[in-house]
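Here are some exercises to work through with the structure open in front of you. Try each one yourself before you read the solution.

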Amino acid sequence: MNITNLRTLHMSEPLGIDACPYFSWHIESDAENVLQEAYQIMIQDDEGDVWDGGEVESRQQSFVAYGGPPLKSRTRYQWRVTVWDNQGNHASAESWFETAIMERGHWAGKWIESTLPRRSGEPYRYGTQPPPVLFTKAFCVKKAVQSARLRATAYGTYIAYVNGEKADDRAFAPEHTVYRNILYYQTYDVAGLLKKGDNALGMYVGDGWYFCPQSQPLGGERREMPAVLFQLELTYTDGTTETIASDGTEQCCTGPVVFSDIFRGEKQDATLGFGVKQPVKAADCGYQHLYAQPMPPVRPMRLMPATSIYRSPKGEWIVDFGQLLCGRARIHIRESKGTELTFEYFEATQKDGSYFNSMYADQKDIYIADGSPCEYEACFTFHGFRYIRVTGMENPALSDFTAVLLTSEKENAGAFECSDERLSRLYKNIRWSQANNMLSIPTDCPSRERAGFTGDIQIYARTALLNENVTPFLSSWLANLAADQTDEGVVPITVPLTKVYENLMLRNAVAFGDETITGVAGWGDAAVMVPYQMYRVTGNTRILEVHYDTMRRWCDYIIKTAGEKRGPNPLPPEIDRYLWNTGFHFGEWLIPSQPESGGDFEICKQSAAYIAPIFGYRSVQMMAEIAAVLARPEQAYYEGTANKMKNAIQIGLMCGGNMPEELMGAYVLPIALGLVPEQYKNRFGDKLVDLLKRNGGCLDTGFLATPYLLDALMKIDRRDLALQVLWQDKQPSWLFEVDHGATAIWESWFGMATDGTPKMTSYDHYAFGCVDEWIFRNIAGIECNAPGFKHFTVRPMPDAPLEWCKRSFISEYGEIRVEWTKTSLMVRVPCNTTATIHWQGKAHEVGSGRYCF
Ligand code: BGC
């Protein structure tokens, strides 16, 4: 038996945490039926034992909370876990974590800000943004350094340098948060970059999200100037310590980046050096919103060399990376001094291979060469792209271009492959959209809005969890969601909620007679859905505890709104008061057969008639389940209310004839969620089949109903139709996209016409990638029966049109693996879990091990 994968707060050896840690580990063994009988956690620091949790008889091996005395600031702790199994074995393993600043008073650094004149960028006007500012500090290291930790943060987005070298390879520190409440600081190990004698520390600060008009944060005291805070904590080999902190003696200047917008792009002029250094000013930003970054950073996670370079019929140089990704390119420059090069990033070409901007906005970087060969990469911006149009380069060569994927670092947890290359490609596309839309926060797309749309992750969270360790990432985002919840309980359509989307929410609310922003069904529900799925997939009850109030306040908002406001249909008040049927909603959103809304959202109304009541019910019903998990007294209230909401949907909407007759989603959701009254079951099932047939076997569901479509078909015993929809290759369908060269998941099913004509849309939205979760449960056949996959069922679908299929998933307990062919099955069950395997008509109850049938 081996103990592996030790994690603290789901991170491997985190360098600077300020939250109370919890621990996880995996058990590996060649033996079968291994169960953990007990564990013991012991923690030490340099001075000796800190905590001995004692031998705990338990099968828990994840989210095991630290229970010792308060942890000290800036301290490295070693932890050791010993595990006893049910077969007389025991084993131990060790890991460590470091605390950051556990008490505000331990901040030695002072906030300082730029004194350089600054213009403010005009919204959406390329090139109007101010230049980034370089803050510098010179200092002397007098003795040999044993360890060095730099803690830093900024208003703006910064790159930290020590003696001209980047402190690490992260991008976009301090990440995108609800800045008026939460600002992360970062911890770097910079011992290797320091030298005895004179040293220099630099922080180069671009506008980032904070100053970008498109992502302008709400409220709080808005800073006008880029500001930084840092402290370098040195421990010398002789045991003495010294802290070098920002104190107002720093200087600031501009550098080669002439302007920069995190979304639109930036211009770098290599002929410019750094400007004249100016003094800085003290800034009064306080320490009360500072938190150690609780998740791994955005990093360059993959390098992709260009796959082709060609001249379009219009004479443009186009570089193709063969894959849509989020990030930017590293480009070899050999041009003569003063040559201006333009790089325009884009997602899809015109039919003839020429440049096409599908985004209503630029994604453009400009570089002015200084005559010396170099590798250029933009500093403070990112793009969603597969192609670059290159202007001004004498002889661009394929080998000059490498794309860099920028995404929050996350451990891989999933793999899928099967005998149908198109389905395997679909899975790859899903994974790419997941990577491309998790840069600091979960976004809608990496090229257009790049906003933390709550609806998109509400749909996709479960799929995300089945593919990567997103626990720190989603936990971080949920803390921001809680910060953005209004006093009334409204959870906004984006988190962080920015000025642009607050205005949009307000406009929409007012159009529906409300005075302040109102909750949007399917979007705000992320407040409940995301923690709930984290709990289901990983057994994370901690996240339910932490966000219990946020979830409650969202559900109470729904219940209150339903109770107070009468809907459009003449219904008895005792029914109507349980229907959330007022206010603005996006409805199902993007239903293929519905004409474009033209921006007025008029089309959303029709599907909102069932979306709001059903999603409202769904959240309250989940809330009841969550209250039960946590043994909270409100459980009965939420369960009772959910039942009344269900009853109101059945009587007021379904029996009352108040459902739109011809929208597929109006049948899909009630069937999938078990809402159809007995006497209507056949009618609803028949109608869904009929609608599907009339639509040529193609789906006609939008954002919010698509995740339930294949389940609804399974529920009415039409597995044949579920498979037909999945394997459909007429438009709209998943495989149409694959057949038409998609390398990520499109926002619109009609992203490209059959003849290859592209459309104004995003080619990189993960929402419809949620079908992976259905494939996981049905084609691979892995169903989670107890939170965290402590018990699971394997029931492959060998009659699917596949010769073989392989799916693996690294659960909290270790790897689950299913590989089947028409005649064989291999299942890996991780230690400390059990499974029921269905194969050829027989059920097998098994413990951990590797089983072949
Ligand atoms: C985004 C979506 C989002 C929607 C709702 C779109 O522009 O790209 O994914 O959820 O707006 O407003």
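The exercises below go through the ligand, the empty spaces and a few backbone details of this predicted model.

**Exercise 1. Find out which residues surround the ligand, and sort them by class.**

Step 1. Let's go around the ligand. The acidic and basic names to look for are Asp 444, Arg 448, Glu 449, Asp 456 and Glu 747.

Step 2. Now pick out the rings: Phe 453, Trp 523, Phe 586, Trp 589, Phe 703 and His 765 also surround the ligand.

Step 3. Sort them by class, and the shell comes to 5 nonpolar, 1 polar and 5 charged residues.

**Exercise 2. Which side chains have a polar atom 2.7 Å, 2.8 Å or 3.0 Å from an oxygen atom of the ligand?**

Step 1. Start with Asp 444: an N or O atom of its side chain is 2.7 Å from a ligand oxygen.

Step 2. Move on to His 765, where a polar side-chain atom is 2.8 Å from an oxygen of the ligand.

Step 3. For Trp 523, the distance from a polar side-chain atom to a ligand oxygen is 3.0 Å.

Step 4. Check the cut-off: a polar contact needs N or O atoms within 3.5 Å, so these pairs make the cut.

**Exercise 3. How much of the ligand's accessible area does the protein cover?**

Step 1. Take the ligand on its own, and its accessible area is 310 Å².

Step 2. Put the protein back, and 93% of that area is covered.

**Exercise 4. Describe the pocket that holds the ligand.**

Step 1. Which pocket is it? The ligand takes up the space of the largest pocket.

Step 2. For its volume, write down about 1,300 Å³. The lining has 50 residues, and those closest to the centre are Arg 448, Glu 449, Trp 589, Phe 601 and Glu 747.

Step 3. Compare with Exercise 1: Arg 448, Glu 449, Trp 589 and Glu 747 also surround the ligand.

Step 4. Now look at the helices. Both H5 (499-511) and H10 (604-629) give at least two residues to the lining, and H5 has the largest share with 6 residues.

Step 5. Sorted by class, the lining has 27 nonpolar, 11 polar and 12 charged residues.

**Exercise 5. How many cavities of 30 Å³ or more are there, and what lines the largest cavity?**

Step 1. The count is 11 cavities of 30 Å³ or more.

Step 2. The largest cavity holds about 80 Å³ of space. Among its 13 lining residues, Ser 215, Glu 449, Ala 451, Thr 498 and Tyr 501 are the closest to its centre.

Step 3. By class, this lining splits into 5 nonpolar, 6 polar and 2 charged residues.

Step 4. Next comes the second largest cavity, with about 50 Å³. Its lining includes His 176, Trp 209, Phe 382 and Arg 450, and the classes are 6 nonpolar, 4 polar and 1 charged.

**Exercise 6. Where are the cis peptide bonds before Pro 174 and Pro 732, and what is the phi of Glu 175?**

Step 1. Recall the background: most peptide bonds are trans, and most residues other than glycine have a negative phi.

Step 2. The bond from Ala 173 to Pro 174 is cis, with omega near 5°. Pro 174 sits in the loop between strands S12 (165-166) and S13 (183-189).

Step 3. Gln 731 and Pro 732 are also joined by a cis bond, with omega about 0°. You'll find Pro 732 in the loop between helices H15 (719-727) and H16 (734-739).

Step 4. Go back to the loop between S12 and S13, where Glu 175 is placed. Its phi is positive, near 75°.

Technical notes
Residues numbered from 1 in each chain as written. Predicted model: local features only at pLDDT ≥ 70, side-chain atom pairs only at ≥ 80, totals over all residues. Heavy atoms only, no water. Near = heavy atom within 4 Å. Polar contact = N/O pair within 3.5 Å; in protein donor to acceptor, adjacent residues only side chain to side chain. Areas by Shrake-Rupley, 256 points an atom, 1.4 Å probe, with all protein chains shown as cover. 1 Å grid on protein atoms, 1.4 Å probe; cavity = no way out; pocket = protein on both sides within 12 Å on 5 of 7 lines; lining within 4 Å. Sits in = over half its atoms within 2 Å of the grid points. Nonpolar A, V, L, I, M, F, W, Y, C, P; charged D, E, K, R; others polar. Points joined across faces, edges and corners; volume = space filled by probe spheres on them. Helix = DSSP H or I, 4+ residues; strand = E, 2+ residues; numbered from the N terminus.
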